[in-house]
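Work through these exercises with the model open. Try each task before reading its solution.

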Amino acid sequence: MNSSGFTNPTPDQVLTFLKGVKRIAVVGLSPQRSRPSYQVARALRGYSFEIVPVRPGVAEILGEKDYPALDQVPGKIDLVDVFRTAEHVPAIVD
């Protein structure tokens, strides 16, 4: 345990969690095919995950409705994949 009281989960705990993931919000998903976020999201879809694009100013990515912010996504999100520069991450985590 570190000074914040957080302890990393065990590998078995991580595996159990990941087995339950079905719907993944991808914050910062680019509509450009050459970008890593696009390639990762496309690969995740290939593994039968539901992808929810989160990026302002875009109507849809990978054929999925896009949402301008994470708090505007309806329904349950199992996992959030963030493709933003480091200075933007704390606000997303909060």
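**Exercise 1.** By class, which residues make up the lining of the largest pocket: how many are nonpolar, polar and charged?

Solution. The model is a predicted one. Start with the space: the largest pocket holds about 180 Å³. Next, list the lining: Val27, Gly28, Val54, Arg55, Pro56, Pro68, Ala69, Leu70, Asp71, Arg84 and Ile92. Now sort by class. Gly counts as polar, while Asp and Arg count as charged. The result is seven nonpolar, one polar and three charged residues.

**Exercise 2.** Find the salt bridges and state how many there are.

Solution. Look for a side-chain nitrogen of Lys or Arg within 4 Å of a carboxyl oxygen of Asp or Glu. Arg23 pairs with Glu50, with the closest N and O atoms 3.1 Å apart. This pair links distant parts of the chain: Arg23 sits in strand β1 (residues 23–27) and Glu50 in strand β2 (residues 50–54), 27 residues apart. Lys76 and Asp78 also form a salt bridge, at 2.6 Å from N to O. The count is two.

**Exercise 3.** Is each partner buried, partly exposed or exposed?

Solution. Use the cut-offs: buried is under 20% relative accessible area, and exposed is over 50%. Arg23 has 13%, so Arg23 is buried. Glu50 has 40%, so Glu50 is partly exposed. Lys76 has 62%, so Lys76 is exposed. Asp78 has 17%, so Asp78 is buried.

**Exercise 4.** Which residues make the nonpolar surface patch of about 240 Å²?

Solution. The patch is made by Val14, Phe17 and Leu18. Take Leu18: this residue lies in helix α1 (residues 11–19). Its relative accessible area is 41%, so Leu18 is partly exposed.

Technical notes. Residues are numbered from 1 along each chain as its sequence is written. This is a predicted model: local features need pLDDT of at least 70, side-chain atom pairs count only at pLDDT 80 or more; totals for chains, interfaces and linings use all residues. Side-chain values use heavy atoms; hydrogens and water are left out. On a 1 Å grid over the protein atoms alone, a cavity is a set of points where a 1.4 Å probe fits but cannot get out, and a pocket is an open set with protein on both sides within 12 Å along at least five of seven lines; lining residues have an atom within 4 Å of a point. Grid points are joined across faces, edges and corners, and a volume is the space filled by probe spheres set on the points. Patches are made of residues with over 30% relative accessible area and no salt bridge: like charges are joined within 9 Å, nonpolar side chains (Val, Leu, Ile, Met, Phe, Trp, Tyr) within 5 Å. Accessible areas come from the Shrake-Rupley method with a 1.4 Å probe; for residues, only the protein chains shown count as cover. Helices (H or I, at least four residues) and strands (E, at least two) are DSSP runs, numbered from the N terminus. Buried means under 20% relative accessible area, exposed over 50%, partly exposed in between (1.4 Å probe, protein chains only).
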